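Student: I would like to go through this chain with you, one question at a time.
Tutor: Go ahead; the structure comes first.

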Amino acid sequence: MNLKTKSISIIILLCMICSCNNSQKQDDIEINHKEELTNEKLNDSIKESEVFYKKSDSLKEYCNERYNFCISYLASFMPQGESYNGDGQKFVSKDGKAVISAYGGLAIIDISDNIEKVYNTAISDEKITYKVLKNNYFIISGYDENNNIFYRKTVSKTINYFDEENTNIYQTLIITYPKSQIE
């Protein structure tokens, strides 16, 4: 596995969306994430990248206060600044070809009030090669409109949003990169 493939595998492994207030250890998050994935190729990539990841000290963390999530990302990715409304941030590789987007959003009644509606919207415009839909999250992977590879995980959560308790939200992570970076 070359360095680019390791980097992409590490990004997929590390960029799990998790609650900033969650006291669960990173090791537990990695184990849970691996159990969620049943695709053998992704599992093999994750297993191979774990050794590289554990040796790597070039990670940074981004936390979003508005939607209560954090991600770890490779330090070589450049943060693009939080969006004007504070819902998330993009991170771009040095060559500008790989992008990590992490953001949150409110669950809007009749539009996105359940995970299945968000999932159906997400799969409608993409060439999906892998998909999982559970009660509170979904994972999809495939090719976007520019034929880039993408990985997306969206999680449904309930948080205290400003003064409102038990507000339903979505936390989303999307990783996009060209096919040339996987080989």
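Student: Which residue does a disulfide join to C63?
Tutor: This is a predicted model, in which local features need pLDDT of at least 70, side-chain atom pairs count only at pLDDT 80 or more, and totals for chains, interfaces and linings use all residues. Residues are numbered from 1 along each chain as its sequence is written, and side-chain values use heavy atoms, with hydrogens and water left out. A disulfide is taken as a pair of cysteine sulfur atoms within 2.5 Å. The S to S distance is 2.1 Å here, and the partner of C63 is C70.

Student: How many disulfides does that rule give, and what is the handedness of the C63 and C70 pair?
Tutor: The count comes to one disulfide. The torsion about the S-S bond of C63 and C70 is about 110°, so this disulfide is right-handed.

Student: Which class, buried or exposed or partly exposed, does C70 fall in?
Tutor: Buried means under 20% relative accessible area, exposed over 50%, and partly exposed in between, with a 1.4 Å probe and protein chains only. C63 has 34% and is partly exposed. C70 has a relative accessibility of 6%, so C70 counts as buried.

Student: What share of the residues of the chain is buried?
Tutor: The chain has 183 residues. Under the cut-off already given, the buried share is 47%.

Student: How many helices and strands are there in the chain?
Tutor: Helices (H or I, at least four residues) and strands (E, at least two) are DSSP runs, numbered from the N terminus. From the N terminus on, the elements run α-α-α-β-β-β-β-β-α-β-β-β-β. The totals are four helices and nine strands.

Student: Which strands stand at the edges of the open sheet?
Tutor: Two strands pair if DSSP finds at least two bridges between them. The open sheet has seven strands in the order β3-β4-β5-β9-β8-β7-β6, with antiparallel pairing. Each edge strand has a single partner strand, so one side of each is left without a neighbour in the sheet; these are β3 (78-82) and β6 (127-133).

Student: By what angle are neighbouring strands of this sheet turned against each other on average?
Tutor: Axes are lines fitted to C-alpha atoms, for helices over the stretch in contact, and angles run from 0 to 180 degrees between N-to-C directions. For this average, direction is ignored, and the value is 15°.

Student: At the β3 edge, which residue in β4 stands opposite P79?
Tutor: β3 and β4 (residues 88-92) pair in the antiparallel sense over three bridges. Their hairpin has five residues between the strands, and G86 takes a positive phi near 75° there. The residue opposite P79 is F91.

Student: At the other edge, which residue of β6 stands opposite G142 in β7?
Tutor: β6 and β7 run antiparallel and are joined by six bridges. The two strands form a hairpin with three residues between them. Opposite G142 stands I128.

Student: What is the bridge partner of G142 in β8?
Tutor: β7 (residues 137-143) and β8 (residues 149-161) run antiparallel, with seven bridges between them. I140 stands opposite R152 in β8. For G142, the bridge partner in β8 is F150.

Student: Which residue in the turn between β7 and β8 has a positive phi?
Tutor: The hairpin of β7 and β8 has five residues between the strands. The phi in question is about 65°, and the residue is N147.

Student: Why is β7 described as largely enclosed by the rest of the structure?
Tutor: The description rests on the count of buried residues in β7. β7 is largely enclosed because the buried residues number six of the seven.

Student: What phi does F162 have, and what phi does N166 have?
Tutor: Most residues other than glycine have a negative phi. F162 lies in the loop between β8 and β9 (164-177) and is exposed at 66%. N166 lies in strand β9 and is exposed at 58%. Neither is a glycine, yet F162 has a positive phi of about 55°, and N166 also has a positive phi, of about 55°.

Student: Where is I111 placed?
Tutor: I111 is exposed, with a relative accessible area of 60%. Its place is the loop between β5 (99-106) and α4 (115-124).
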